[in-house]
Amino acid sequence: QRLMLARNKPKPDVVQALRLSPDGMVQEAIKDLYEPTAADLLARAESDDEFQRLETAKRKDLPAEIQHVLATDAIEEVRVALAANPGIDEEVALRFAASNDAAACEALAGNPKLPEAGKVELCHHESDSVRLCMAYRDDLTDELLDILVNQNEDLNLIGHLALRGTIFEGTKPELLEQLFKQKRPSLHAFAANAAQLSDAQVRKLMRDNAPSVRLALC
C-alpha cells in the first residue's frame, strides 16, 4: 500500500480501496484525497492505531457521537487533542470540564470555544495547573475572576493575573491583607485596583516604592 502511494497520484478507485487500510501512514497520506463518511470516522476513532485516533480527534468537523467515543480514549494525547479542538461539542466539553482528567482540562482551558458553563467549572477545578491555565484566558469576566481570586485564594495564580496586567476591582478585604503582606510589587499593584481599599491601605499604596503600584492606585 505504501509503495502504491509512492507512485503517481493514486486513481479514485485506488483511493477508495486504501480507505480501508489499517495503516496510519497510508491513512495520513490519502486523508486529503477524499471526504470521509461518518462510518469512516467512527472506524478511525475505534481503530487500534493510536495515530489514526489522534488525527481523528483533531478534525474540526468531527460529529458529536464520535467525539464522545474519543473522549474516553485510553491515550492521554488523544483526549488532549480532542479537548483542544475548536470544533468540540458543548456536551463533550462539559464532560471533560467535570472530570479529573487534568491534562485534558488544561487543553480545554485554552480552547477558544469553551462554553461558559465549562469556564465556571474549570475555575473551580481542584487542579492548580488547570486553574492557572484559566488565568491566561483573555475573556475572563468578573464572575470568573471572583472564583479564581476570592474563592481559591491562590496567591501564585493571583501573581500570574497581576503580571498579565489583569484588572479586578472585586478582591475581598481579607484577601487584600494577604496581598499586602507579600513583597512582590505586582501583587500590590493588583490589590491597588480593589474597590474596597481602606484609607490606611490607600495611604500605604501611596508610599509604595514601586512606581507601578502607585500608578495602579491612580
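Start by selecting Glu153: with a relative accessibility of 32%, this residue counts as partly exposed, since the partly exposed range lies between the buried limit of 20% and the exposed limit of 50%. The model on screen is a predicted one. Glu153 sits in the loop that joins α12 (142-151) to α13. Look at its backbone: phi is positive, about 50°, although Glu153 is not a glycine. Most residues other than glycine have a negative phi.

**The whole chain**

Zoom out and show the chain as a cartoon. What secondary structure is there to see in the chain? It has 17 helices and zero strands. Turn the C-alpha trace to view it along each principal axis; the spans are about 80 × 30 × 20 Å. The radius of gyration is 24 Å, whereas a compact globule of 218 residues would have one near 17 Å. Colour by accessibility, and 44% of the 218 residues count as buried. Among contacts in the chain with a separation of 6 or more, 42% are between residues 24 or more positions apart.

**Stop one: α5 and α7**

Select residues 50-57, which form helix α5, together with α7; their axes are 8 Å apart and the packing angle is about 15°. That angle is under 35 degrees, so α5 is roughly parallel to α7. The crossing of these two helices, α5 and α7, is right-handed. Now show side chains at the contact. On α5, pick Glu50, Arg53, Leu54 and Ala57; on α7, pick Glu77, Val78, Ala81 and Leu82. By class, the residues of this contact between α5 and α7 are five nonpolar, no polar and three charged.

**Stop two: α7 and α9**

Keep α7 selected and add α9. The axes of α7 and α9 come within 8 Å, crossing at roughly 25°. The two helices, α7 and α9, are therefore roughly parallel to each other. Here too, look at the handedness: α7 passes α9 in a right-handed crossing. Which residues of α7 and α9 make the contact? From α7 they are Glu76, Arg79, Val80 and Ala83, and from α9 they are Ala103, Ala104, Ala107 and Leu108. The contact of α7 with α9 has six nonpolar residues, no polar ones and two charged ones.

**Stop three: the buried side of α9**

Hide α7 for a moment and select α9 alone, residues 102-109. Which residues of α9 are buried? They are Ala104, Cys105, Ala107, Leu108 and Ala109. Bring the surrounding helices back: the buried residues of α9 pack against α7 (76-83), α8 (90-97), α10 (116-123) and α11.

**Stop four: Lys119**

Move to helix α10 and select Lys119, which lies in it. Is Lys119 buried or exposed? Its relative accessibility is 5%, so Lys119 counts as buried. Display what surrounds this side chain. Apart from neighbours within four places in sequence, Lys119 is in contact with Leu114, Met134, Arg137, Asp139 and Leu144. For a distance check, pick the C-alpha atoms of Lys119 and Ala97: they are 8.1 Å apart, with these positions 22 residues apart along the chain counted as their separation.

**Stop five: α11 and α13**

Next select α11, residues 128-135, and α13, residues 155-163; the axes of these helices come within 10 Å and cross at roughly 20°. That makes α11 roughly parallel to α13. In this pair, α11 passes α13 in a right-handed crossing. The residues to display are Arg131, Leu132 and Ala135 on α11, with Leu157, His160 and Leu161 on α13. Sorted by class, the contact of α11 with α13 has four nonpolar residues, one polar and one charged.

**Last stop: Ser186**

Finish at helix α15, residues 185-192, where Ser186 is placed. Ser186 has a relative accessible area of 17% and is buried, as the value falls under 20%. What does Ser186 touch, not counting residues up to four places away in sequence? It touches Ala162 and Leu163. To relate this stop to an earlier part of the chain, draw a line from the C-alpha atom of Ser186 to that of Ala117; the separation is 30 Å, and the two residues are 69 apart along the chain.

Technical notes:
Residues numbered from 1 in each chain as written. Predicted model: local features only at pLDDT ≥ 70, side-chain atom pairs only at ≥ 80, totals over all residues. Heavy atoms only, no water. Axes fitted to C-alpha atoms, helices over the stretch in contact; angles between N-to-C directions. Helix = DSSP H or I, 4+ residues; strand = E, 2+ residues; numbered from the N terminus. Parallel < 35°, antiparallel > 145°, perpendicular 65-115°, else oblique. Left-handed = near helix turned anticlockwise from the far one by under 90°. Contact = heavy atoms within 4.5 Å. Nonpolar A, V, L, I, M, F, W, Y, C, P; charged D, E, K, R; others polar. Buried < 20%, exposed > 50% of the residue type's maximum accessible area, 1.4 Å probe, protein only. Rg over C-alpha atoms; globule rule 2.2 N^0.38 Å.
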